Amino acid sequence: VGKAIGPDLRALTNRSTEAVYAAILDPNRAVEPLYMAYTAATLSGDVLYGRLKSESGNALTFQQLDGTERQVLRSNLRTLESSQASLMPEGLEAGLSDQALADLIAFVQSLK
């Protein structure tokens, strides 16, 4: 179910509980450029939000939050702005109980 848009969480299995907890509390502390959020507006009025999956001299491939990809010609871009932030929303922990947060961290650390 779903499509991968963020980093592979299996890379976090060797991190301490405190490090995973800190990454959840402050997802913008260390963002890899590949997973930075971008907003693009096209000349036709479309607005795209997601990450830049790939770039060429003529086009950008956007991966939107639902996982779909869309190629946009550079000549059709009105604006392209980086949010300098992670795609992971801030405040994720606010909707979780202490037990649910502990379970999430344990799950991430258990991935193989």
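Two strands pair if DSSP finds at least two bridges between them, and a strand here is a DSSP run of E with at least two residues, numbered from the N terminus. What follows looks at a predicted model, where local features need pLDDT of at least 70, side-chain atom pairs count only at pLDDT 80 or more, and totals for chains, interfaces and linings use all residues. Residues are numbered from 1 along each chain as its sequence is written, while side-chain values use heavy atoms, with hydrogens and water left out.

Let's start with strand S1, residues 36-42. Six of its seven residues are buried (under 20% relative accessible area, 1.4 Å probe, protein chains only), so S1 is largely enclosed by the rest of the structure. Its two pairings look like this:

| Partner of S1 | Bridges | Direction | One bridge pair |
|---|---|---|---|
| S5 (residues 77-86) | six bridges | antiparallel | Thr-42 with Leu-77 |
| S2 (residues 47-55) | four bridges | antiparallel | Thr-39 with Tyr-49 |

S1 and S2 make a hairpin with four residues between them, and Gly-45 in that turn has a positive phi of about 100°.

Now for the nonpolar cores, meaning sets of buried Ala, Val, Leu, Ile, Met, Phe, Trp, Tyr and Cys residues joined through side-chain atoms within 4.5 Å. The largest has nine residues, including Met-36, Tyr-38, Leu-48 and Phe-62. S1, S2 and strand S3 (59-64) each supply at least two of its residues, with the largest share, three residues, coming from S1. Apart from this core lies another, of six residues, among them Leu-12 and Val-108.

Key: Buried means under 20% relative accessible area, exposed over 50%, partly exposed in between (1.4 Å probe, protein chains only).
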